[in-house]
Amino acid sequence: MSLDPATVRRIARLARIGIDESDVPALQGELNGILGWVEQLNEVDVEGVTPMVGTGHAALRTRPDVVTDGNCRDAVLSNAPDGVGPFYTVPKVVE
Amino acid sequence: MSLTELTIADAASGLRARKFSAVELVRAHTDAIAALNPRLNAYITTTADEALKAAQQADDVLAKGEARALTGIPLGIKDLFCTNGVRTTAASNILKNFVPPYESTVTANLLRDGAVFVGKTNLDEFAMGSANITSAFGPVENPWKRNGDDAALVPGGSSGGSAAAVAAGLAMGATGTDTGGSIRQPAAYCGIVGLKPTYGRCSRFGTIAYASSLDQAGPMARSVRDCAIMLQSMAGFDERDSTSVNCDVPDYSAAIGRSLKGLKVGIPAEYRAEGLSAEIAAAWQQGIEWLKAAGCEIVDVSLPHTKYGLATYYIVAPAECSSNLARYDGLRFGERVPGDTLDAMYEATRRAGFGPEVRRRIMMGTYVLSAGYYDAYYLKAQKVRTLIRRDFTEAFGKVDVLLTPTAPTPAFAQGEQSDDPVQMYLNDIFTVPASMAGMPAMSVPVGLGATGLPLGLQLIGRPFDEETLLATGNALESAAGFTHRPAIRAEAAK
C-alpha cells in the first residue's frame, strides 16, 4: 500500500498538524518507507488469533461513584495558555 | 572514594555512619552538574537550590536516626515525570513552559523515601527516539568515548539524559521510562544498569503518556543492587492508574546474591540476528559461560515471532501516540500558536509544538487507525502482539529467564546513522519484543568492546519476577567485574 500526496494531506488534516505543500514529498517518502517495512506482518498467519489489547495483568476495577478530588480550579487553570478570570479562552468557533 | 563515584547502597551506609553529610553528597552532584552539564546536556532543568534545601532536611532526618531507604540520595528524574512546581517538558516545545501542579506517583514514592531530586533529565521528545537526538532542548552527549576518538556519541534513547547523568556521576541513579527499550538501550550504551519492570508494576500516573499499553517506569543506576533499592521505592499499586497491578512488592534487595543453582536460562535462537556485531555476540557467549559457572542450566529456546516485534511496535505505539497526543491542542495547557479558526489554531500549534519525529509518529498512528485501514494495520498488529506474547509464555514454560544482547551494536556517533527512520528503529530490535509482551527486562553492562565502549546484555523474566532478573543480573555483574567508567565524568573533571 502506498500513500499518494492527497492521502498525506488528509492524514495531516485528521491529525490537526499543519503542513506546507513543500513538506508533502518528504513526508510521503518517510511514511511510505515505514509502511513498506511493516508490510512484513503480512507473512504472519493470524487466523483465529485474538487481538492483544493490553498485557492482561490488571483486571479492570470498579470503585464507588464518589468525588475523590476537586476544588483545585486554580491549579487546573495554572497552565492555561490564555484565559480570562476562571475561564479558558478559545478562538471563535462560530463561522 | 569520591562522592560522585559511590553506589546508592554505599552512600546510604556512609550517610548513616556520618562519614559525610547529605549536603556534601548532594553538593558534589550539583557541582558536577554545573561543571559537566553544559557539555553533556543530560539535564533540561536543574534544581540545585531546591536539592540543597532538601539535603539539609535529609541531614536533620539522619541526625534523628529516622532515615529511609533513599534519604539524602541525589537522583535525576526523566523530564517525562510530572514534578509538582518544577517545569516538566517531555523535551518538547509544546510543553516548554509547563509546570505541573501535581506529582507523579513514582516521583512521590521516591520523595516519600527521602530521595533528593537534582534535576530533570533530557530525553527524546515525548520519549520517541533511540539516540536522544529528537529533544527540543538539544541532543545529549554520551560520556563515553571511543579509544583515541573524541567524536560525540549518542547515549541511546529515549532515557538518554538519565543514562548519561548516571554514567558521568551527575546523579547516583535516575528514573527512566521504557516503551520499546528506552531504559535498557541507553543503559547499555552508557555502561550502566537499567531495569524495565513488568507492565503494571510501577504506576503510570503523572508520567506523560506516549504509548499507554507499553509505557513503564523503571530505575537506572550503576549497580544491580542500586536498581533494586530504587525499584523497591518506585513500585507498588496505585488506584489512579487503571493498569496498575495490585500484587505484593517483594524485598528486591533480598534477591541479590541468591543461588542460581539449577536456574534455567533460555538462549533464544532468533536473537542471533543479522546485524549483530561480532563483539556483542562474543559478550553474549561470555555471559552464557558465566551463568553456567554460576550453576545455571543453559537451554536453547525459540521465540519465532521475534523478527515481527519492531514492525508490530511501529503500528501499535504510533497508534497510541496519536491518540494520547491529541490532548495537545493549545487550549488548556501547553504552548498555543494563534489561528483565525479553531482548526487553524490546532494545526499551527501542533506544527510548531512538535518536532519532526513526533509529527511523523502521530501521522503514522492517525493513518493506521483511520477508517478503512484499521483492520489491515492496527488489528493485525494486535494479533501479532498476541503471538509475540505467546512465544514468551511458551519459553517461560521451559526456562526461568532469557539472556540476550540488549542492542545490536555499541553506541554510535551523533549523525552517524542515516536519516532513514527505519534504520534508527532497528536499534530496538532486541528490546521491543519484551515490551510488546509486558515482560520485565534488564540491561547489565558486561564489558568493553573493541573500541572501548560498554556492551550490555539483556535478561528477560516472567511477569512480576523482577527478583530473578536482579539475582541473575547480579551474577553477571559480579562475574564481569565491570568497573570501567566513562572518559567524561565528575571525578575525572576535577
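Select strands β2 (residues 74-78) and β4 (residues 173-178) of chain B: in this predicted model the two strands pair in the parallel sense, over two bridges. Within this pairing, display L75(B), which stands opposite G173(B) in β4(B).

Keep L75(B) selected and add its contacts. Leaving aside residues up to four places away in sequence, L75(B) touches L110(B), A115(B), V116(B), F117(B), V118(B), A171(B), M172(B), G173(B) and A174(B). Two of the residues now in view, L75(B) and V116(B), touch the most other members of the largest nonpolar core, which holds 162 residues. To follow that core further, select α9(B), which supplies its largest share, nine residues.

Next, widen the selection to the whole sheet. Eleven strands of chain B form an open sheet with mixed pairing, in the order β1-β3-β2-β4-β6-β5-β10-β11-β9-β7-β8. At its edges are β1 (43-46) and β8 (297-301) of chain B, each of which pairs on one side only. Viewed across the sheet, neighbouring strands are turned against each other by 30° on average, direction ignored.

Three backbone details in the loops of chain B follow.

Which residue follows G157(B) across a cis peptide bond? The residue is S158(B), and omega of the bond is near 10°. To locate the site, select the loop between β3 (116-121) and α5 (160-168) of chain B, where S158(B) lies.

Remain in the loop between β3 and α5 of chain B and select A127(B). Its phi is positive, about 70°, although A127(B) is not a glycine. Is A127(B) buried or exposed? It counts as buried, because 30 C-beta neighbours lie inside 10 Å and the cut-off for a buried residue is 20 or more.

Then move to R18(B), in the loop between α1 (8-16) and α2 (22-40) of chain B. This residue, likewise other than glycine, has a positive phi near 55°. R18(B) is exposed, because 10 other C-beta atoms lie within 10 Å of its own and a residue counts as exposed at 12 or fewer. A127(B) and R18(B) thus offer a pair of views of positive phi, one in a buried residue and one in an exposed residue.

Now bring chain A into view. How many residues of chain B are in contact with chain A? There are 57, and they meet 39 residues of chain A. On the side of chain B that touches chain A, the elements giving two or more residues are α9 (309-324), α10 (342-353), α11 (356-369), α12 (374-395) and α13 (421-425). Of these, select α12(B): the largest share of this side, 10 residues, comes from that helix. Coloured by residue type, the side of chain B that touches chain A divides into 26 nonpolar, 17 polar and 14 charged residues. Note that α9(B) appears in this list and also gives the largest share of the nonpolar core.

Finally, hide chain B and examine chain A alone. Its secondary structure comes to three helices and two strands, which follow the pattern α-α-α-β-β along the sequence. The radius of gyration of chain A is 23 Å, whereas a compact globule of 95 residues would have one near 12 Å. Aligned on the principal axes, the C-alpha atoms of chain A fill a box of roughly 55 × 45 × 25 Å. To end the tour, colour chain A by burial: buried residues make up 16% of its 95 residues.

Technical notes. Residues numbered from 1 in each chain as written. Chains lettered and ligands numbered in written order. Predicted model: local features only at pLDDT ≥ 70, side-chain atom pairs only at ≥ 80, totals over all residues. Helix = DSSP H or I, 4+ residues; strand = E, 2+ residues; numbered from the N terminus. Rg over C-alpha atoms; globule rule 2.2 N^0.38 Å. Pairing = 2+ DSSP bridges. Axes fitted to C-alpha atoms, helices over the stretch in contact; angles between N-to-C directions. Contact = placed C-beta atoms within 7 Å. Nonpolar A, V, L, I, M, F, W, Y, C, P; charged D, E, K, R; others polar. Core = buried A, V, L, I, M, F, W, Y, C linked by C-beta atoms within 7 Å.
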